[in-house]
Amino acid sequence: MSKHIQSVKGMNDCLPSETPVWQYLESCLRDVTEMYGYAEIRMPIVEKTELFCRSIGEVTDIVEKEMYTFIDKGEESLTLRPEGTASCVRAGIQNGLIYNQQQRLWYMGPMFRRERPQKGRYRQFYQFGVETFGINGPDIDVEVIALSARLWKMIGLTNVELQINSLGSNVAREAYKVKLVEYFNQHLDDLDEDSKRRLTSNPLRILDSKNPAMKDVINDAPKLLEHLDEESQVHFDSLRKKLNALGIKYVINSKLVRGLDYYNRTVFEWVTTELGSQGTICAGGRYDGLVEQLGGQSTPGFGFAMGLERIILLLKQQNESESGLEDKLSTKIDVYLCTLGDIAENAGMVLAEKLRNEHPKLKLQLHCGGGNFKKQLKRADKSEAEIALIMGEDEVGKNQITVKYLREKKEQISISLDDLSGVLSGLMK
Ligand code: ATP
Ligand code: MG
């Protein structure tokens, strides 16, 4: 007996009942990028493995254990992209979009990470991201954050908190790292195994530990924000002033370090408490060294990525008791066209196309697959259409059609095809 083939663990189908909310979110994302003058870029899903090792960093969760990497026909190592920034920078350098220019770009698409699947965490997931190049900030930092804040407003998401921090310059951070390692070395007994390992490989990431047992030792650790270089301090102060001017509320989280290696100065996350431990719905920051690190001319960069599944989960949770979202997502059709007999079937097909020509906004489904009147009406009812149009053979001869109201208590009527437009226009109001 053959077993049905199942999808790969952590990689989900998006079924027709789910796609309306995705389409709604995607269209809001397109709208908000247009409002700020950002242009879309589309990158390949597969890249050379080296791209991610060099950009994200060898000792990060992603590169250490989450990448889908394979050798392509014994030739070279390729990887399914775990994020979009590295590809975007690669594409920008390769196509001459970055050198001596300013760019405001966005992308959307699937990313792949081999993590333990759970609510809000999958192995194929979708990110929307924004990347800007050639602007030192903090004006652009604030613009990009404002764009994300506007998105929450547009889709009606509430209760998300903006957390910001500054990682300072590379030089200041290296000096801070020495102090941090010194401190943790004095508290080795309080560190878990993961953190002990990170003490030599990536000490900043210890601050990001989710282990409750380490909370106190992390809280008492020296603060990155108190070790900023002068310029980064000015940048951070100005960022805060600008956010205040726009009325964008934030909290400073001095433990926010981000999981990827390429950030400097501003980092930020939008966080919710309503999704359990998968609470970060958007994360980003400044990456002034990344373009050069990937072989381009030194160019500042600032961007973020948001996880669309988490946003949709939150959107649904927050709209459970309201019908507002449902109404926006309605994909109900207006008209279900039934035909009885061969002659009417042919005439019905022609009529359906004619009506679509005349009324591009009309949502019309033509009954296909034959069957008697009762069966067709059952389908019409299930389609949730407002009306059924019924065409029988004698009606074809008389240039007439029957209109049956499926949701209103109204007598069915037989009208001339010439009068049909009037009825349909009424439906589309
Ligand atoms: P986390 O700490 O939750 O693992 P991260 O720091 O690895 O997140 P980023 O690389 O910054 O995440 O990705 C940006 C956003 O993409 C995250 O804030 C989250 O919303 C989303 N995201 C990341 N990994 C996943 C995943 N496996 N499944 C679903 N969404 C994800
Ligand atoms: Mg992660």
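**Exercise 1. Determine which elements cover the buried residues of helix α2, and how much of the helix is buried.**

Solution.
Step 1. The cover over the buried residues of α2 includes β2 (46–48), α3 (61–66), β3, β4, α4 (85–94) and α10 (290–293). The model is a predicted one.
Step 2. Helix α2 spans residues 49–56, and six of its eight residues are buried. Buried here means under 20% relative accessible area.
Step 3. The buried residues are T49, L51, F52, C53, S55 and I56.
Step 4. Just past the end of α2 comes G57, whose phi is positive, about 115°.

**Exercise 2. Find the residues that make up the nonpolar surface patch with I45, and classify F70 as buried, partly exposed or exposed.**

Solution.
Step 1. The patch consists of I45, V46 and F70, which together have about 210 Å² of accessible area.
Step 2. F70 belongs to strand β3, one of the elements that cover the buried residues of α2.
Step 3. The relative accessibility of F70 is 35%, so F70 counts as partly exposed.

**Exercise 3. Locate K73 and N399, and state for each the sign of phi and the degree of exposure.**

Solution.
Step 1. K73 sits in the loop that runs between β3 (68–72) and β4 (76–80). Its phi is near 45°, a positive value in a residue other than glycine.
Step 2. With 77% relative accessibility, K73 counts as exposed.
Step 3. N399 is placed in the loop between α15 (393–398) and β15 (400–405). Although N399 is not a glycine, its phi is positive, about 60°.
Step 4. The relative accessible area of N399 is 35%, so N399 is partly exposed.

**Exercise 4. Is the peptide bond from G137 to P138 cis or trans, and where does P138 lie?**

Solution.
Step 1. Omega for the bond from G137 to P138 is near 5°, and the bond is cis.
Step 2. P138 is in the loop between β6 (124–133) and α5 (139–155).

**Exercise 5. Place R198 in its element, decide whether R198 is buried or exposed, and list its contacts beyond four places in sequence.**

Solution.
Step 1. R198 is part of helix α7, residues 193–201.
Step 2. R198 has a relative accessible area of 12% and is therefore buried; the cut-off for this class is under 20%.
Step 3. When residues up to four places away in sequence are not counted, R198 touches D61, P203, R205 and I206.

**Exercise 6. Identify the members of the surface patch of negative charge that contains D220, and describe the setting of D220.**

Solution.
Step 1. The patch gathers D189, D190, D216 and D220.
Step 2. D220 lies in the loop between α8 (215–219) and α9 (230–245).
Step 3. D220 counts as exposed because its relative accessibility is 58%, where the class requires over 50%.

**Exercise 7. Describe the surroundings of S421, and give the separation between its C-alpha atom and that of K119.**

Solution.
Step 1. S421 is in helix α16, residues 420–427.
Step 2. A relative accessibility of 29% means that S421 counts as partly exposed.
Step 3. With neighbours within four places in sequence left aside, S421 is in contact with E358 and H359.
Step 4. S421 and K119 are 302 residues apart along the chain, and their C-alpha atoms are separated by 48 Å.

Terms used
Residues numbered from 1 in each chain as written. Chains lettered and ligands numbered in written order. Predicted model: local features only at pLDDT ≥ 70, side-chain atom pairs only at ≥ 80, totals over all residues. Heavy atoms only, no water. Patch = residues over 30% accessible without salt bridge, like charges linked within 9 Å, V, L, I, M, F, W, Y side chains within 5 Å. Areas by Shrake-Rupley, 256 points an atom, 1.4 Å probe, with all protein chains shown as cover. Salt bridge = Lys/Arg side-chain N within 4 Å of Asp/Glu carboxyl O. Lys, Arg positive; Asp, Glu negative; His and termini not counted. Charge placed at Lys NZ, Arg CZ, Asp CG, Glu CD. Helix = DSSP H or I, 4+ residues; strand = E, 2+ residues; numbered from the N terminus. Buried < 20%, exposed > 50% of the residue type's maximum accessible area, 1.4 Å probe, protein only. Contact = heavy atoms within 4.5 Å.
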